[in-house]
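Please look over the model below before reading on. The points after it are meant for someone who has not seen this structure before.

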Amino acid sequence: MYLNRILMYFLVCGFLSNSAYSQRTKDKMYSSIKGASCFRRLNGTHSTGCSSTFSGSIGVLHHVRSNSDIEFLINHPPSPPYAPIIPPSLFTRENILKLKQAAEDHKLISAIILIHNTTNLNVFSHESQCPNQYSGANGPDESNNCAVKWNPFGTGLLLEDFPFPIYYIGDDGEIEKLIDCFEKFNNFDIENQKYRSLCSIQVKAFMSAAVSSEVCIRRTQLLNNLNPVRYCDPLQGKNVYATLFPRENVAADQRQVQPNERFILLSTRLDTTSLFDGIGPGAMDSLISLTTLVSIGNFLAKVLSERSDSNDRNVLFLAFNGESYDYIGSQRFVYDLQRQAFPSSGAQTNPITLENIDLMIDLGTLDDLNNIEIYHTTNYPEVEQLMDKIRSYSRRFGLNITAKNILQRNNLPPVSAQSFLRENITFKSLIVQSEPKNTFYHSIYDDAVNIDFNYRNISATRDYTKLENLNNVNNDYPNDSIQMRIRNISTILGISIYEFVANKSYIQGSAASSILIDEFLYCFLITADCPLFHASVKHNITIPNAPPPQRYISVHSSYTHEATGWTYRLFGLLFSQKFDEISRENCSHLPYYWFAGYNGLGECRLTTQNFTSAFSPAFLLDDYDWSSGKYSTWTESTWRELSARIFLRPSTAHESLTLSIGVVVMTISFVLIFLINSRSDVLFNQEPSAMPIATPTQC
């Protein structure tokens, strides 16, 4: 009976423990906040970005609604340090530098919380007004000359170094949680805040690197077998390239430059950047030009499916990576060309040099697609030829595109051609640019809304890889839509390149596909689970519902970044030729590649796409002069954690009382233990026994 009661007791306890709700103490104290953090980057001489303290920066939340709140925080507030909650409209250079000064001088600010709010937001760009100012075509001679501001809306905060973390919160639910906590605990009797518990935030974003890339790399390379540590990693990735016509395959030991092999290089920028980790749509600053390049490539692959003459020039399409950080990708490409290292021996084609390139057409930032400017450093026939073609075909087909011819050697647009011109200022390059109008350049708000993109999903019934007829009215998209404006500039540049390559007039009536442009923007701005990405992978491979690929260059040396990988696949799908007679079993070795295709049934294509390194030569050269400015020296700090959580921080009086009580309790405990130990024989009746101890029995 007694045993049964014990068993019943344990059964009841087990049932109650399973049905009861348990929670850790720290989970009751803290509430996590999802967001994105600013982080630290470094170059050869400076560091930029943000970092928290090692254990995380803690500050009292204060909702900033006007400039007067900023003044309150920097003029001896009652309970520092604070973590102001700032809307984008007040996230200005003036305000942020005031807070930075208050943090450095008086430790009044420990973090900044930026919340999503586009009300009254007209400008939000933290890039310099002269992007890549210190790595232009004229090198250091032009570094201090910012006569032409290619980003007139820039605040330059992206290049500042902050002693506190900056944390961006875009989710409405998380923002509401912050504001509610502030209103409930902080937003009353402000002058007496220090006498009560306050809603606070802890941001963990400690950066391992400091000072500069030179110092960081040197610290990383110190031999320490017991505990190897990486303090920073060079920014690096991969460029993506393809050719219009397949090149001759040669064995690795027989590769040599062919002087008669001529190319037109069509290039643009693949990457973008912003102040915060993982958020940088780059819709207007680089995605429009990338979309234009892809659209031109697909157009040329259809109208020039094969060479009419073996002496015709080839077209080399190239998307450079890391151009936001002193032209990492294009600098490495020029470096490889000079050493006959492009393409790599693994590509099994002959190397190319700068002398093989007859003309470079570099697509810069196209903020205004109807009014473009053609920059060049030297007069040569192709300049006027391109201008004439643009005027002629715009007038003929009613494309409404105007072009301006600008001869200029200084203060050129921040484009990849700068790397080529730095080696030879007379290099034949045409920079296609427009007047800067992007007020959200290199920011979290350069998104689909910024370019007024509306997805139409016409590809459900229409093949986006097929070209359109210029003589027919396009009723799929409004004439002023982003799809039609990119289609028009792609068509007119595509026709121009066609005539440069084929040496004959364009008599066809085909135009670039506006549906393809619609799908491309949808994949890179809305979701990766899109028809175009599905068509570019192998048959029966599923793509999870995922956000659009990030186009920040990253620091991976071997891993192919997601945006780079998708660009590689799309170059293969859209710039190649289809072979219906080849089965999937026989389409398993490059240059043949099996794609799902538009209808998802699978198709074999002869492809030319490949990767090339976007890793700065500065990290390859021994004893490189880090202050020379010749090559990009950007690195990214390592970190352990990027997170934030809110909690109630007790008042100073409360903390003092808690500490005092703890000290008193500890003192009393020591006294009690001493007294009990000294009187243990009396308290526990431990008198010596008078009975003798028995002798152990002998064996």
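The notes below cover a sheet, the helices against it, and one loop residue.

1. The model is predicted, and the remarks that follow should be read with that in mind.

2. The sheet is open and has eight strands, in the order β16-β15-β17-β14-β12-β13-β11-β23, with mixed pairing. At its edges are β16 (402–407) and β23 (610–615), each of which pairs on one side only. From one strand to the next, the twist averages 20°.

3. Within this region, β11 (residues 236–243) and β13 (residues 314–320) run antiparallel and are joined by four bridges. Opposite Phe317 in β13 stands Ala242.

4. Helix α7 packs on the sheet, where it touches β12, β13 and β14 (357–363). The direction of α7 makes about 150° with that of β12.

5. Another helix, α9 (residues 381–397), lies across β14, β15 (371–376), β16 and β17 (429–433). Relative to β16, α9 runs at about 165°.

6. Where does Asp277 lie? Its place is the loop between β12 (263–269) and α7 (283–303). Asp277 has a relative accessibility of 31%, so it counts as partly exposed; the cut-offs are under 20% for buried and over 50% for exposed.

7. Which residues does Asp277 contact, leaving aside its neighbours within four places in sequence? They are Ala36, Ser37, Phe39, Trp639 and Leu642. Asp277 and Leu642 are 365 residues apart in sequence, while their C-alpha atoms are 9.3 Å apart in space.

Technical notes
Residues numbered from 1 in each chain as written. Predicted model: local features only at pLDDT ≥ 70, side-chain atom pairs only at ≥ 80, totals over all residues. Heavy atoms only, no water. Helix = DSSP H or I, 4+ residues; strand = E, 2+ residues; numbered from the N terminus. Buried < 20%, exposed > 50% of the residue type's maximum accessible area, 1.4 Å probe, protein only. Contact = heavy atoms within 4.5 Å. Pairing = 2+ DSSP bridges. Axes fitted to C-alpha atoms, helices over the stretch in contact; angles between N-to-C directions.
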